[in-house]
Amino acid sequence: MKKDASLIVGNWKSFILSPKEGLQLIKNVDKKLPRGMKNTVVVCPPSVLFGSLKAGFKGKRILFGLQDVSEFADGPHTGETSAALARAGGAEYVIVGHAERRASGETDEVVARKVRAALDAKLIPIVCVGESERDKEGHYFSAIEKTVQGSLARVMPNELSKIVIAYEPVWAIGAPQAPDARIVAEAVVYIRKTLATLFDRDAALKARIIYGGAVDATNAVQLLSEGHAGGFLVGRASTNAESFADIIRVCQS
Ligand code: PGA
């Protein structure tokens, strides 16, 4: 992964309803990518679309990721996709512990096992962390700290360079507006500090921290520069070629 450029990840969630729609979307995004692009662009389609997209899309400038992965290496786990299969199928990234999965019961412990499974299969986990609500007393800091600690419980310090942390405050996901860049900056610094305490300072500096929640082309530049985000995890806006390409374009350094 290029370190100085931004990492921009599109999470298609369940918005795309046919292979044709998915293929059209990725081709349209590809066409709109800026020349000489330095950013790393990843799309995470629903896993059932993976094969047809890999077969139908020949572009080299968009990488693939999954929206989730099994905590188990293999075996009798109906409905699960193993990290090894995801890697063999052409995925390079995987979102782990998204708020929408945590909302259906995924715990930090499970997330930690999924992160481990991803690393073992040479996938880059994009580990989502973020408070569900804010309070004047600042208790949300301990919520962030607890999630970071729990989710990375099975990671070694030298693996932080192979991990992406996505700060996604639950209240900002799908919201009409992203938070002020200062709020994002504060969280990015806090997550980095937490990593330095849990691991060590050098290792902490190697982890990429991106932001997710209502990102669009109007707020992206500020969230990068003043919010100190190393890129974005984009939901809804990534399912529209124009909006996603606009975000990528404004992030072009
Ligand atoms: P949103 O979603 O961009 O639609 O707010 C972000 C996410 O869930 O990753």
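Below, two people talk through the ligand site, the aromatic pairs and a buried lysine in a predicted model.

Colleague: Happy to dig in! Which side chains have an N or O atom 2.7 Å from an oxygen atom of the ligand?

Modeller: Good place to start, and please keep in mind that the model is predicted. An oxygen atom of the ligand lies 2.7 Å from a side-chain N or O atom of one lysine, K13. A histidine side chain also has an N or O atom 2.7 Å from a ligand oxygen. The names you want are K13 and H98.

Colleague: And what is the distance from a ligand oxygen to the side chain of E168?

Modeller: E168 belongs to the surroundings of the ligand, along with others including A172, I173 and G174. Taking an N or O atom in the E168 side chain and an oxygen atom of the ligand, the separation is 2.6 Å.

Colleague: How much of the ligand's accessible area does the protein cover?

Modeller: On its own, the ligand has 280 Å² of accessible area. Of that area, the protein covers 96%.

Colleague: How do the residues of the shell around the ligand divide by type?

Modeller: The surroundings include glycines such as G213 and G235, as well as L233 and V234. Glycine counts as polar in this scheme. The shell divides into three charged, four polar and five nonpolar residues.

Colleague: R236 is in that shell; which ring does R236 lie over?

Modeller: R236 is one of the residues surrounding the ligand. R236 also lies over a ring face, at 4.2 Å from the ring centre. That ring belongs to F15.

Colleague: Lovely. How many aromatic pairs are there in the structure, and is the one between Y167 and Y211 stacked, tilted or edge-to-face?

Modeller: The structure holds five aromatic pairs. For Y167 and Y211, the centres are 6.2 Å apart and the planes make an angle of 50 degrees. Stacked needs under 30 degrees and edge-to-face over 60, so this angle fits neither. The pair is tilted.

Colleague: Where in the chain are those two tyrosines?

Modeller: Both Y167 and Y211 are buried. They are 44 residues apart and link distant parts of the chain. Y167 is in strand β6, residues 164-167, and Y211 is in strand β7, residues 208-212.

Colleague: One last puzzle: why does K114 count as buried, and which side chain does K114 meet in a polar contact?

Modeller: K114 sits in helix α5, residues 108-120. K114 counts as buried because its relative accessibility is 5%, and the cut-off for buried is under 20%. Its side chain makes a polar contact of 2.8 Å, and the partner is E106.

Technical notes:
Residues numbered from 1 in each chain as written. Predicted model: local features only at pLDDT ≥ 70, side-chain atom pairs only at ≥ 80, totals over all residues. Heavy atoms only, no water. Near = heavy atom within 4 Å. Polar contact = N/O pair within 3.5 Å; in protein donor to acceptor, adjacent residues only side chain to side chain. Areas by Shrake-Rupley, 256 points an atom, 1.4 Å probe, with all protein chains shown as cover. Phe/Tyr/Trp six-rings, centres within 6.5 Å; stacked < 30°, edge-to-face > 60°. Helix = DSSP H or I, 4+ residues; strand = E, 2+ residues; numbered from the N terminus. Buried < 20%, exposed > 50% of the residue type's maximum accessible area, 1.4 Å probe, protein only. Lys NZ or Arg CZ within 6 Å of the ring centre and 35° of its normal.
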